[in-house]
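Reader: I am new to this structure and should be grateful for a close look at a single part of it. Would you please describe the surroundings of the ligand in one connected account?

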Amino acid sequence: MYVAILVAAAVAVATAAVAAVLASRQAIRTREQASRAGEAQRLAFLGTLATGLAHEIRNPLSTININLQLLKEAWQTPITEREQREYRKIEMLLKETRRLEEILNNFLEFSRTHQPNRSPCNINLLLDDVSDLFAPQAERQHIRIVRNFDRRIPPISADRNQISQAITNIVLNAIQAMPGGGTISVRTSLKQQTAHIEIADTGAGIPPEAADRIFNVYFSTKTEGTGLGLSITKRIIEEHGGTISMKSAPGEGTTFLIDFPATTV
Ligand SMILES: Nc1ncnc2c1ncn2[C@@H]1O[C@H](COP(=O)(O)OP(=O)(O)O)[C@@H](O)[C@H]1O
Ligand SMILES: [Mg+2]
(Lines give C-alpha, C1' and ligand atoms only; values in the text may rest on other atoms or scores of the structure.)
(Ligands and ions follow the chains in the order given, each with its own letter.)
Protein backbone atom coordinates (compact mmCIF):
# COMPACT_ATOMS: atom_id res chain seq x y z
CA MET A 1 0.00 0.00 0.00
CA TYR A 2 2.72 2.43 1.09
CA VAL A 3 4.74 1.39 -1.93
CA ALA A 4 1.79 2.11 -4.21
CA ILE A 5 1.33 5.55 -2.62
CA LEU A 6 5.06 6.25 -2.90
CA VAL A 7 5.10 5.19 -6.56
CA ALA A 8 2.03 7.31 -7.28
CA ALA A 9 3.63 10.27 -5.49
CA ALA A 10 6.90 9.75 -7.35
CA VAL A 11 5.02 9.60 -10.69
CA ALA A 12 3.10 12.75 -9.77
CA VAL A 13 6.30 14.57 -8.83
CA ALA A 14 8.04 13.37 -11.98
CA THR A 15 5.07 14.39 -14.13
CA ALA A 16 4.98 17.80 -12.47
CA ALA A 17 8.73 18.17 -13.00
CA VAL A 18 8.45 17.22 -16.68
CA ALA A 19 5.46 19.55 -17.06
CA ALA A 20 7.45 22.34 -15.38
CA VAL A 21 10.44 21.76 -17.68
CA LEU A 22 8.16 21.65 -20.75
CA ALA A 23 6.37 24.78 -19.58
CA SER A 24 9.63 26.64 -19.06
CA ARG A 25 10.90 25.45 -22.48
CA GLN A 26 7.66 26.65 -24.02
CA ALA A 27 8.08 29.98 -22.21
CA ILE A 28 11.61 30.32 -23.57
CA ARG A 29 10.39 29.41 -27.06
CA THR A 30 7.56 31.95 -26.85
CA ARG A 31 10.02 34.61 -25.67
CA GLU A 32 12.36 33.72 -28.57
CA GLN A 33 9.49 33.83 -31.04
CA ALA A 34 8.39 37.18 -29.67
CA SER A 35 11.89 38.59 -29.93
CA ARG A 36 12.25 37.21 -33.47
CA ALA A 37 8.91 38.77 -34.39
CA GLY A 38 10.09 42.03 -32.79
CA GLU A 39 13.32 41.89 -34.77
CA ALA A 40 11.42 41.18 -38.00
CA GLN A 41 9.13 44.12 -37.28
CA ARG A 42 12.12 46.37 -36.60
CA LEU A 43 13.78 45.27 -39.86
CA ALA A 44 10.58 45.83 -41.81
CA PHE A 45 10.31 49.31 -40.30
CA LEU A 46 13.95 50.10 -41.16
CA GLY A 47 13.32 48.81 -44.69
CA THR A 48 10.36 51.15 -45.11
CA LEU A 49 12.41 54.08 -43.79
CA ALA A 50 15.34 53.32 -46.08
CA THR A 51 13.06 52.95 -49.12
CA GLY A 52 11.39 56.29 -48.31
CA LEU A 53 14.80 57.91 -47.94
CA ALA A 54 15.98 56.47 -51.26
CA HIS A 55 12.89 57.87 -53.02
CA GLU A 56 13.44 61.27 -51.39
CA ILE A 57 17.08 61.39 -52.50
CA ARG A 58 16.30 60.43 -56.08
CA ASN A 59 14.61 63.70 -57.10
CA PRO A 60 17.26 66.20 -55.94
CA LEU A 61 19.89 63.86 -57.32
CA SER A 62 18.34 63.92 -60.76
CA THR A 63 18.18 67.76 -60.55
CA ILE A 64 21.92 67.78 -59.76
CA ASN A 65 22.52 65.38 -62.64
CA ILE A 66 20.60 67.46 -65.20
CA ASN A 67 22.33 70.68 -64.13
CA LEU A 68 25.75 69.07 -64.24
CA GLN A 69 24.96 67.91 -67.75
CA LEU A 70 24.00 71.49 -68.73
CA LEU A 71 27.19 72.77 -67.12
CA LYS A 72 29.20 70.21 -69.09
CA GLU A 73 27.57 71.33 -72.32
CA ALA A 74 28.32 74.97 -71.48
CA TRP A 75 31.99 74.09 -71.00
CA GLN A 76 32.06 71.89 -74.09
CA THR A 77 35.27 73.26 -75.55
CA PRO A 78 37.66 74.00 -72.70
CA ILE A 79 40.61 76.00 -73.99
CA THR A 80 42.83 77.17 -71.16
CA GLU A 81 44.42 74.73 -68.77
CA ARG A 82 42.19 75.98 -65.99
CA GLU A 83 39.09 75.40 -68.11
CA GLN A 84 40.26 71.88 -68.85
CA ARG A 85 40.69 71.22 -65.15
CA GLU A 86 37.18 72.51 -64.43
CA TYR A 87 35.78 70.36 -67.24
CA ARG A 88 37.38 67.24 -65.78
CA LYS A 89 35.87 68.08 -62.38
CA ILE A 90 32.41 68.35 -63.93
CA GLU A 91 32.90 64.99 -65.63
CA MET A 92 33.96 63.43 -62.36
CA LEU A 93 30.91 64.87 -60.55
CA LEU A 94 28.65 63.53 -63.30
CA LYS A 95 30.18 60.08 -63.01
CA GLU A 96 29.69 60.04 -59.25
CA THR A 97 26.06 61.23 -59.44
CA ARG A 98 25.36 58.50 -61.99
CA ARG A 99 26.89 56.00 -59.60
CA LEU A 100 24.68 57.28 -56.78
CA GLU A 101 21.64 56.95 -59.03
CA GLU A 102 22.62 53.40 -59.87
CA ILE A 103 23.04 52.53 -56.18
CA LEU A 104 19.62 54.00 -55.39
CA ASN A 105 17.91 52.27 -58.32
CA ASN A 106 19.47 48.96 -57.36
CA PHE A 107 18.42 49.43 -53.77
CA LEU A 108 14.86 50.36 -54.71
CA GLU A 109 14.60 47.40 -57.05
CA PHE A 110 15.97 45.19 -54.30
CA SER A 111 13.49 46.41 -51.68
CA ARG A 112 10.56 46.20 -54.08
CA THR A 113 7.74 44.12 -52.69
CA HIS A 114 5.24 44.02 -55.54
CA GLN A 115 4.78 40.85 -57.57
CA PRO A 116 5.65 40.60 -61.29
CA ASN A 117 3.18 42.17 -63.73
CA ARG A 118 2.99 39.31 -66.23
CA SER A 119 2.12 39.12 -69.89
CA PRO A 120 3.30 36.84 -72.75
CA CYS A 121 6.93 37.65 -73.38
CA ASN A 122 9.16 36.63 -76.27
CA ILE A 123 12.53 35.92 -74.65
CA ASN A 124 14.48 36.08 -77.93
CA LEU A 125 13.18 39.59 -78.65
CA LEU A 126 13.93 40.69 -75.11
CA LEU A 127 17.52 39.39 -75.31
CA ASP A 128 17.89 41.08 -78.70
CA ASP A 129 16.77 44.41 -77.22
CA VAL A 130 19.12 44.19 -74.23
CA SER A 131 22.00 43.27 -76.59
CA ASP A 132 21.17 46.26 -78.82
CA LEU A 133 21.13 48.51 -75.79
CA PHE A 134 24.64 47.47 -74.79
CA ALA A 135 26.09 47.33 -78.33
CA PRO A 136 27.61 50.85 -78.36
CA GLN A 137 29.22 50.44 -74.91
CA ALA A 138 30.48 46.97 -75.86
CA GLU A 139 31.97 48.25 -79.10
CA ARG A 140 33.86 50.98 -77.28
CA GLN A 141 35.37 48.24 -75.08
CA HIS A 142 36.17 45.98 -78.05
CA ILE A 143 33.57 43.46 -76.96
CA ARG A 144 31.61 41.46 -79.51
CA ILE A 145 28.06 40.44 -78.66
CA VAL A 146 27.22 37.22 -80.50
CA ARG A 147 23.54 36.21 -80.63
CA ASN A 148 22.27 32.74 -81.26
CA PHE A 149 18.53 32.36 -80.78
CA ASP A 150 16.37 29.27 -80.99
CA ARG A 151 13.05 30.27 -82.57
CA ARG A 152 11.29 27.27 -81.03
CA ILE A 153 11.35 28.52 -77.44
CA PRO A 154 7.85 29.30 -76.24
CA PRO A 155 6.81 32.71 -74.92
CA ILE A 156 6.97 32.89 -71.15
CA SER A 157 4.52 34.61 -68.87
CA ALA A 158 6.69 37.36 -67.45
CA ASP A 159 7.13 40.95 -66.35
CA ARG A 160 9.15 42.20 -69.31
CA ASN A 161 10.77 45.09 -67.40
CA GLN A 162 11.88 42.86 -64.57
CA ILE A 163 13.34 40.18 -66.85
CA SER A 164 15.15 42.91 -68.83
CA GLN A 165 16.61 44.19 -65.58
CA ALA A 166 17.69 40.65 -64.62
CA ILE A 167 19.45 40.12 -67.97
CA THR A 168 20.91 43.63 -67.96
CA ASN A 169 22.65 42.95 -64.63
CA ILE A 170 24.29 39.82 -66.09
CA VAL A 171 25.41 41.55 -69.31
CA LEU A 172 26.74 44.53 -67.35
CA ASN A 173 28.83 42.20 -65.18
CA ALA A 174 30.12 40.47 -68.32
CA ILE A 175 31.20 43.80 -69.81
CA GLN A 176 32.86 44.79 -66.54
CA ALA A 177 34.70 41.44 -66.46
CA MET A 178 36.34 42.17 -69.85
CA PRO A 179 38.14 45.53 -69.63
CA GLY A 180 40.51 44.43 -72.37
CA GLY A 181 37.76 43.26 -74.74
CA GLY A 182 36.33 39.84 -75.53
CA THR A 183 33.09 38.15 -76.52
CA ILE A 184 29.67 37.91 -74.95
CA SER A 185 27.60 35.10 -76.31
CA VAL A 186 23.84 35.23 -75.78
CA ARG A 187 22.02 32.07 -76.77
CA THR A 188 18.67 30.42 -76.26
CA SER A 189 17.56 26.84 -76.74
CA LEU A 190 14.65 24.57 -76.04
CA LYS A 191 15.43 21.90 -73.46
CA GLN A 192 12.66 19.52 -72.48
CA GLN A 193 9.93 22.13 -72.89
CA THR A 194 12.08 24.58 -70.93
CA ALA A 195 13.26 27.89 -72.34
CA HIS A 196 17.00 27.81 -71.71
CA ILE A 197 19.19 30.93 -71.81
CA GLU A 198 22.98 31.08 -71.67
CA ILE A 199 24.98 34.27 -71.34
CA ALA A 200 28.71 33.59 -71.57
CA ASP A 201 31.70 35.89 -71.46
CA THR A 202 35.42 35.43 -72.04
CA GLY A 203 36.36 37.52 -69.02
CA ALA A 204 38.29 37.06 -65.83
CA GLY A 205 36.11 34.24 -64.49
CA ILE A 206 35.00 33.66 -60.91
CA PRO A 207 37.29 31.89 -58.44
CA PRO A 208 35.74 28.79 -56.77
CA GLU A 209 35.82 30.43 -53.32
CA ALA A 210 33.58 33.24 -54.56
CA ALA A 211 31.27 31.06 -56.65
CA ASP A 212 28.68 30.35 -53.97
CA ARG A 213 28.60 33.96 -52.77
CA ILE A 214 28.00 35.86 -56.01
CA PHE A 215 24.20 35.76 -55.62
CA ASN A 216 24.41 37.06 -52.03
CA VAL A 217 23.21 40.55 -51.23
CA TYR A 218 26.11 43.03 -51.04
CA PHE A 219 28.73 40.55 -52.23
CA SER A 220 31.03 42.42 -54.56
CA THR A 221 34.68 42.20 -55.51
CA LYS A 222 34.60 45.58 -57.28
CA THR A 223 35.76 48.83 -55.71
CA GLU A 224 32.69 50.55 -57.12
CA GLY A 225 30.25 47.63 -56.97
CA THR A 226 27.01 47.58 -54.99
CA GLY A 227 26.81 43.79 -54.82
CA LEU A 228 23.07 43.99 -55.51
CA GLY A 229 23.00 43.11 -59.22
CA LEU A 230 23.00 39.32 -59.12
CA SER A 231 20.86 39.05 -55.99
CA ILE A 232 18.19 41.10 -57.81
CA THR A 233 18.61 38.94 -60.91
CA LYS A 234 18.20 35.71 -58.93
CA ARG A 235 15.14 36.99 -57.12
CA ILE A 236 13.44 38.11 -60.34
CA ILE A 237 14.16 34.80 -62.09
CA GLU A 238 12.89 32.78 -59.13
CA GLU A 239 9.77 34.93 -58.75
CA HIS A 240 9.01 33.91 -62.34
CA GLY A 241 9.39 30.22 -61.47
CA GLY A 242 12.78 30.01 -63.16
CA THR A 243 16.22 28.94 -62.00
CA ILE A 244 19.67 30.47 -62.46
CA SER A 245 23.12 28.99 -62.05
CA MET A 246 26.66 29.83 -63.02
CA LYS A 247 29.71 27.97 -64.22
CA SER A 248 33.08 29.56 -64.55
CA ALA A 249 36.66 28.76 -65.41
CA PRO A 250 38.97 31.37 -63.87
CA GLY A 251 40.98 33.05 -66.60
CA GLU A 252 38.68 31.75 -69.33
CA GLY A 253 35.26 33.13 -68.65
CA THR A 254 31.89 32.77 -67.02
CA THR A 255 28.51 31.45 -68.16
CA PHE A 256 25.16 32.18 -66.55
CA LEU A 257 22.45 29.61 -67.23
CA ILE A 258 18.77 30.41 -66.85
CA ASP A 259 15.80 28.09 -67.26
CA PHE A 260 12.17 29.07 -67.51
CA PRO A 261 9.52 26.37 -67.43
CA ALA A 262 7.35 26.39 -70.53
CA THR A 263 4.05 28.10 -69.94
CA THR A 264 0.97 28.07 -72.08
CA VAL A 265 0.20 31.74 -72.50
N1 LIG B 1 30.61 37.75 -65.57
C2 LIG B 1 31.35 37.82 -64.44
N3 LIG B 1 32.68 37.62 -64.48
C4 LIG B 1 33.43 37.67 -63.35
N5 LIG B 1 32.91 37.92 -62.12
C6 LIG B 1 31.59 38.12 -62.02
C7 LIG B 1 30.73 38.09 -63.17
N8 LIG B 1 29.47 38.32 -62.77
C9 LIG B 1 29.53 38.49 -61.43
N10 LIG B 1 30.79 38.39 -60.97
C11 LIG B 1 31.23 38.48 -59.57
O12 LIG B 1 30.07 38.52 -58.74
C13 LIG B 1 30.09 39.68 -57.91
C14 LIG B 1 28.67 40.14 -57.63
O15 LIG B 1 28.06 40.68 -58.79
P16 LIG B 1 26.87 41.71 -58.62
O17 LIG B 1 25.86 41.14 -57.68
O18 LIG B 1 26.39 42.10 -59.98
O19 LIG B 1 27.53 42.95 -57.87
P20 LIG B 1 28.56 44.05 -58.43
O21 LIG B 1 28.56 43.96 -59.94
O22 LIG B 1 28.02 45.35 -57.94
O23 LIG B 1 29.89 43.71 -57.83
C24 LIG B 1 30.96 40.67 -58.66
O25 LIG B 1 31.53 41.64 -57.80
C26 LIG B 1 32.01 39.75 -59.29
O27 LIG B 1 33.00 39.41 -58.35
MG1 LIG C 1 26.85 43.89 -61.12
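Author: In this predicted model, a polar backbone atom of L230 lies 2.8 Å from an oxygen atom of ligand 1. The preceding position in the list of contacts belongs to G229, where a polar backbone atom is 3.4 Å from an oxygen atom of the ligand. With S220, the partner is in the side chain: one of its N or O atoms is 2.6 Å from an oxygen atom of ligand 1. Considered alone, the ligand exposes 530 Å², and the protein buries 92% of that area.

The wider shell may be described next. Ligand 1 is surrounded by 18 residues, and the closest are N173, D201, S220, T221 and K222. Sorted by class, this shell consists of 9 polar, 7 nonpolar and 2 charged residues. Three elements, namely α4 (160–176), α6 (229–239) and β7 (253–261), each contribute at least two residues to the shell.

The site itself belongs to a pocket. Ligand 1 sits in the largest pocket, which holds about 1,400 Å³ of space. The lining of this pocket comprises 44 residues; those nearest its centre are E102, L172, N173, Q176 and K222. Two or more lining residues come from each of α2 (81–111), α3 (123–140), α4, α6 and β7. In terms of class, the lining has 18 polar, 17 nonpolar and 9 charged residues.

Taken together, these descriptions share some members. N173 and K222 are named among the residues closest to ligand 1, and N173 and K222 are also among those nearest the centre of the largest pocket. Likewise, α4, α6 and β7 supply residues to the shell around the ligand and to the lining of the largest pocket.

Terms used. Residues are numbered from 1 along each chain as its sequence is written. Chains are lettered from A and ligands numbered from 1 in the order in which they are written. This is a predicted model: local features need pLDDT of at least 70, side-chain atom pairs count only at pLDDT 80 or more; totals for chains, interfaces and linings use all residues. Side-chain values use heavy atoms; hydrogens and water are left out. A residue is near a molecule or strand if one of its heavy atoms lies within 4 Å of it. A polar contact is a pair of N or O atoms within 3.5 Å; within protein, one must be able to donate a hydrogen and the other to accept it, and residues adjacent in sequence count only if both atoms are side-chain atoms. Accessible areas come from the Shrake-Rupley method with a 1.4 Å probe; for residues, only the protein chains shown count as cover. On a 1 Å grid over the protein atoms alone, a cavity is a set of points where a 1.4 Å probe fits but cannot get out, and a pocket is an open set with protein on both sides within 12 Å along at least five of seven lines; lining residues have an atom within 4 Å of a point. A molecule sits in a cavity or pocket if more than half of its atoms lie within 2 Å of its grid points. Helices (H or I, at least four residues) and strands (E, at least two) are DSSP runs, numbered from the N terminus. Ala, Val, Leu, Ile, Met, Phe, Trp, Tyr, Cys and Pro count as nonpolar, Asp, Glu, Lys and Arg as charged, and the others, Gly among them, as polar. Grid points are joined across faces, edges and corners, and a volume is the space filled by probe spheres set on the points.
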